[in-house]
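User: Could you take a close look at one part of this model for me? I'd like the pairing partners, what packs around them, and how far to trust the prediction.

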Amino acid sequence: MEFKIGETKQEINGEIIHALGDGSILLRINQKSYEVRLVKSSADEIEFFFENSFHYVKKISSTSSGIMIVLDGVPITLRKHFKLDELIRDTSSSKVTTENNNLTSQIPGRVVNIVASIGTSVKTGDSIVILESMKMQVAVKSHKDGIIRDILVKKGATVSRNDVISVIE
């Protein structure tokens, strides 16, 4: 799983490789393996040894976008879906030419709302469809001024990245 600590630029890619059977687990963090020995573990607290040092973690809160913890007395926010904003920005409609009538999805997701209807006049940036991806709602916005000629998705449908959502002429 990929995490980002607060608003730092550093990304952390961590995964549990396997349990060693003696209360220890083998982790891979940013391509380097570590052995962690658990002392105490519950839903909200963990005590462990990492690189021969004792550490205590308490979960304060958890949301769909991140986890707030206190690690050895220092509050830390771990952001879980930090790449979603980057993905949307990198694939935004600003890269689509206005000659293209097809409005496509920037991300994979489930259609939770269809804001516009066929025959509606829209301006660049108007919301057409609302998608839910990773428990976050994201608007698919018109890439140009025009009239909606067709909407190719239904509420509750699942779309992939670059699927055509609507035709705007």
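Analyst: Let's start with Asn-113, whose bridge partner in β12 is Ile-130. Strands here are DSSP runs of E with at least two residues, helices are H or I runs of at least four, and both are numbered from the N terminus. Keep in mind that this is a predicted model, in which local features need pLDDT of at least 70 and side-chain atom pairs count only at pLDDT 80 or more, while totals for chains, interfaces and linings use all residues. Residues are numbered from 1 along each chain as its sequence is written, and side-chain values use heavy atoms, with hydrogens and water left out.

Back to the pairing: strand β10 (residues 109-114) and strand β12 (residues 127-133) run antiparallel and are joined by four bridges. Arg-110 also has its bridge partner in β12, namely Glu-132. β10 is joined to β15 as well, by two bridges and again antiparallel; there, Gly-109 is matched with Val-159. Two strands count as paired if DSSP finds at least two bridges between them. Put together, you get an open sheet of four strands, ordered β13-β12-β10-β15, with antiparallel pairing. Its edges are β13 (136-141) and β15 (158-159), each of which pairs on one side only.

Just before β10 sits Ser-105, in the loop that links β9 (102-104) to β10. With a relative accessible area of 1%, Ser-105 is buried, because buried means under 20%, with exposed over 50% and partly exposed in between (1.4 Å probe, protein chains only). A polar atom of the Ser-105 side chain lies 2.3 Å from the backbone oxygen of Ile-107. Beyond four places in sequence, Ser-105 touches Leu-131, Val-159, Ser-160, Arg-161, Asn-162, Asp-163 and Ile-165, where touching means heavy atoms within 4.5 Å.

Now the packing. The largest nonpolar core has 16 residues, and Ile-128, Val-129, Leu-131, Ile-148 and Val-153 touch the most other members. β12, β13, β14 (146-151) and β16 (164-168) each supply at least two of its residues, and β12 gives the most, with three. (A nonpolar core is a set of buried Ala, Val, Leu, Ile, Met, Phe, Trp, Tyr and Cys residues joined through side-chain atoms within 4.5 Å.) Take Ile-128: setting aside neighbours within four places, its contacts include Leu-103, Ile-114, Val-122, Val-140, Ile-148 and Ser-166. A separate core of nine residues has Phe-48, Val-57, Ile-69 and Leu-78 among its members.

On strand β13 you'll find Val-138, which is buried at 8% relative accessible area. Its C-alpha atom is 9.6 Å from that of Ser-127, eleven residues away along the chain.

For contrast, have a look at Ser-33 in strand β4 (residues 32-41). Its relative accessibility is 42%, so Ser-33 counts as partly exposed. Outside four places in sequence, Ser-33 touches Ile-17, Leu-26, Leu-27 and Arg-28.

As for trust, the mean pLDDT (the predictor's confidence in each residue, from 0 to 100) is 82, and 82% of the residues reach 70 or more. Among the elements, strand β11 (residues 121-122) has the highest mean, 94, and helix α1 (residues 83-90) the lowest, 55. Over residues 91-98 pLDDT stays under 50, and the model has eleven contacts for that stretch beyond four places in sequence.

Technical notes:
Polar contact = N/O pair within 3.5 Å; in protein donor to acceptor, adjacent residues only side chain to side chain.
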